[in-house]
Amino acid sequence: MGKTTCAGAAALARAEQGRRVLLISTDPAHSLGDLLDRPLGAAARPLPTRRGSLHAAELDADTALGRFIRARRRELARILSRGTYLDDDDIERLLRLALPGVDELIGLLELTRLAQARPYEEIVVDTAPTGHTLRLLGMPATLVRIAEVLDDMQAKHRFLSESLGGRYRPDAADALVEEVAADGRRLGELLRDPARCAFSWILLPETLALEETKDALAALRADGLEVGDVIVNRVTPRSRTRCAVCDVRVRAEEAVIDATRRAIPHHRLRRLPALAREPRGVRALRPLGRMLTDGVDVPARPASCRRARVERGLVPRRDVSPPVALDDLIPPTVRLVLLAGKGGVGKTTCAAALAVALGGRAPARRVLVLSTDPAHSLGDVLEMPVDDDVRQVRAGSRAFSAREVDAGRLLTARRAAYLDAVQEVFDALRGGSSFDPAFDRVVVEDLIDLAPPGIDELFGMLAVIEALGANGPFDTVVVDTAPTGHALRLLQMPDAALEWVHAFMTILLKYRKIIGLGDFGADLLGLSRDLRRLQALLHDRERTRAFAVTRAAELPRLETGRLVKELTRLGIPPAGVIVNALSMAGSKPLCQRCQAAADVEQRVVRTLAIDLRATRHRPPTIIGAPALTPPPRGVAALARWQRRWTTVAPR
Amino acid sequence: MIILDTLLVGGIKFVLSKIVDAVDAELNDDTHLREELLAAQMRLELGEITEQDFAAVERELLDAIREIRGRRERADEGPGEVRITGIEASTWDEDGADDDEAADRPRG
């Protein structure tokens, strides 16, 4: 929805007011380099400015975490060795494992490290899309909790030292605990201090974006974080001539902006116009930056307008664009359908439309559409309540199920179950003696209480296993993933999780004479088998179909190229690229602006086709999904819309 | 470490009663055999043992489980279950050194 563009433009404008500014992206799928039209990396690089100074960097979370652990390996190993029964081999093995959810965990810490490297006056952060930004902002609290766990691990050592030696002298391990706790506290305070930290929220003038904004602002406020400016980006300017596209679009957008003003009356609402040319490079960002700093505010009393609800797009020319046959796109043998793509391109709408289409196929198959993005909008697209319980959707001859994975709720439920199990183990260990291994109990309870980073990906993956596993109730699952970076994290999760499960199994086997294998061993064995089945499914082209969803614009095109490459590298080459909201060539008169925009789209799709042919021996099919104003909502509209998807064959 | 703590605090009596339980379980309870089976399944999953190794272990364990079941069924019909009534402690002598497994097993 233009986060990166707005962040870039704002950073440039602030720098050219004479400040020293650092611009940094924490989204694992970076597009800052695309925006600035130059390669960026984890080290800050200078950009040309007329005044002040501007450096830009793209965070590399995996490398940053590796560096963080390497620098503290001895202390971490010492704490683990003091606080657990693990030996050096076990600890080495655990410290070497890849950490899922690393982006959120390390994001803020790495930001601090970069910020201290030079005397910046301001740091502008381009974050990951909604769901994972909420996780990122919750990370200071997690750091404090991690420090508490490490401290509890030290407690037994401290107690024994005092009992045996009389006095305890803090060492490097205690210093590490204090460092992590202090970082957590400091970052938490920084985020909540309006004098030092300001949040800007960016949305498109679309109902779905407004719903997500309302939810997110409420969640942020509940956490003590206040958003300042709310920026409505890419607002269609009024056309001077009659136009089949923008007349309807302007009315629909005004209705959404009006609703936004009413929904969040206490925020300053600003609007940025849709630009004819997507700004790329420092020079192109300059006018946008001025617009942001000078500010074009939305008037408090918006112009009166009727609520537009006309489902109308440009008629695709069927002679040149053959309609997509569902059975070619997703043959009946397919069990897993994955949709990935940049934030705001319409993944959820496409996923819902595919589920609707598959739910109407004969002979009937049991279909589930599953959203794993922590910022859900499946319910809004289907226009019905959807939550973590699997819900049946029936509309005419169509039937399917829907679920939005709620990782927080699932974690709470698991915690309760595991805490009971831990009580049992420790009670069994006591075996009637008055001795209570209190220190160990606290450490294990701590570990269970600690929300692991990457819980959305973990529970998303478990939900897929649950739906499709050995006795899974569904034939086909359509997964609506979080935006690109975290969709890739989700797809890497089975490998990462399997490594952890195998590490736990090895350790459990090693100590089984003391603690027994019990239900935990059986759980790990089951999970290991499920994960291997899921890996096999993911890499099976007969049973898995991945699609990249994108829009016909430069930044999404560049990201799609990388997404396709990355999916191919993971052994899940996408079968298709769905170009959403495409203005189809039609017979209705367009205004000059819309005609120019349609021409730009055509050029982007042509370049995309060339990119795709270059990356793969068998390039994915390009599918065009027509732009509708407003976008399709509800089962019937989604079904009609999906039937209008066409195969795009750019010449 | 757990054993050390337990010894220090819980005392020798606690340990001896545990040993009685363990021997009793070995003779009349198939729980530990199921645990052995689970361990073998886990080792197979980890690739530490081959399918053939696993099949051999599985056969042996399932036979033992069947034997215990049979003994239990017979016990339901009349006396026959082996009962442990006490434990006699003695020091390990030199013949215990040639077999680690044997050294782990209490004798009474």
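Start with strand 8 (residues 336–341) of chain A, which is joined to strand 13 (residues 544–551) by six bridges, with the two strands running parallel. To find the register in your viewer, look for A:G341, which stands opposite A:V549 in strand 13 of chain A. Strand 8 of chain A also has strand 12 (residues 476–480) as a partner, again parallel, this time through four bridges. Here the pair to look for is A:L339 and A:D480, the latter in strand 12 of chain A. Keep in mind throughout that this is a predicted model.

How much of strand 8 of chain A is buried? Six of its six residues are, so to speak, under cover. Its side chains split in two directions: A:L336, A:L338 and A:A340 point one way, A:V337, A:L339 and A:G341 point the other, and every one of them is buried.

Now step back to the whole chain. Chain A has 23 helices and 16 strands. Its radius of gyration is 26 Å, close to the 26 Å that the globule rule gives for 651 residues, so chain A is as compact as a globular protein of that length. Along the principal axes, the C-alpha atoms fill a box of roughly 90 × 65 × 45 Å. Buried residues account for 45% of the 651 residues in chain A. As for contacts, take those in chain A with a separation of 6 or more: 80% of them are between residues 24 or more positions apart.

If you want a feel for distances inside that box, try A:M291. This residue belongs to helix 11 (residues 282–294) of chain A. Measure across to A:L94 with your own ruler tool: the two are 197 residues apart in sequence, and their C-alpha atoms are 50 Å apart in space. Is A:M291 buried or exposed? Neither, quite: A:M291 has 18 C-beta neighbours inside 10 Å, so it counts as partly exposed.

The domain assignment cuts chain A into domain 1 (1–196), domain 2 (326–408 + 452–643) and domain 3 (409–449). Domain 2 of chain A is written in two segments, and the range of domain 3 falls between them. The centres of domain 2 and domain 3 of chain A, taken over C-alpha atoms, are separated by 37 Å. Their contact takes eight residues from domain 2 of chain A and six residues from domain 3 of chain A. Which elements give two or more residues to the domain 2 side? They are helix 15 (407–430) and helix 17 (455–468) of chain A. Sorted by class, that side of domain 2 of chain A has four nonpolar, one polar and three charged residues.

There is another sheet worth a visit. Three strands of chain A make an open sheet in the order 5-6-7, with parallel pairing. At its edges are strand 5 (199–203) and strand 7 (268–273) of chain A, each pairing on one side only. On average, neighbouring strands of this sheet are turned by 25° against each other, direction ignored. Strand 5 of chain A meets strand 6 (residues 227–235) of chain A over four bridges, in the parallel sense. Within that pairing, A:F199 stands opposite A:V227 in strand 6 of chain A.

Finally, a few backbone oddities. Most residues other than glycine have a negative phi, and most peptide bonds are trans. A:D37 goes against the first habit, with a positive phi of about 60° although it is not a glycine. You'll find A:D37 in the loop between helix 2 (32–36) and strand 2 (45–47) of chain A, and with 14 C-beta neighbours inside 10 Å, A:D37 counts as partly exposed. A:E383 has a positive phi too, near 55°. Its loop runs between helix 14 (378–382) and strand 10 (391–395) of chain A, and A:E383 counts as partly exposed with 14 C-beta neighbours inside 10 Å.

The peptide bonds supply the other exceptions. A cis bond joins A:A362 and A:P363, with omega about -5°, and A:P363 is in the loop between helix 13 (347–359) and strand 9 (367–371) of chain A. Another cis bond joins A:T629 and A:P630, where omega is about -10°. A:P630 is in the loop between strand 15 (621–626) and helix 23 (635–643) of chain A.

Methods. Residues are numbered from 1 along each chain as its sequence is written. Chains are lettered from A and ligands numbered from 1 in the order in which they are written. This is a predicted model: local features need pLDDT of at least 70, side-chain atom pairs count only at pLDDT 80 or more; totals for chains, interfaces and linings use all residues. The radius of gyration is taken over C-alpha atoms; the globule rule is 2.2 Å times the number of residues to the power 0.38. A residue is buried if 20 or more other C-beta atoms lie within 10 Å of its own, exposed if 12 or fewer, and partly exposed in between; C-beta atoms are placed from the backbone. Two residues are in contact if their C-beta atoms, placed from the backbone, lie within 7 Å. Domain bounds come from an automatic or database domain assignment. Ala, Val, Leu, Ile, Met, Phe, Trp, Tyr, Cys and Pro count as nonpolar, Asp, Glu, Lys and Arg as charged, and the others, Gly among them, as polar. Two strands pair if DSSP finds at least two bridges between them. Axes are lines fitted to C-alpha atoms, for helices over the stretch in contact, and angles run from 0 to 180 degrees between N-to-C directions.
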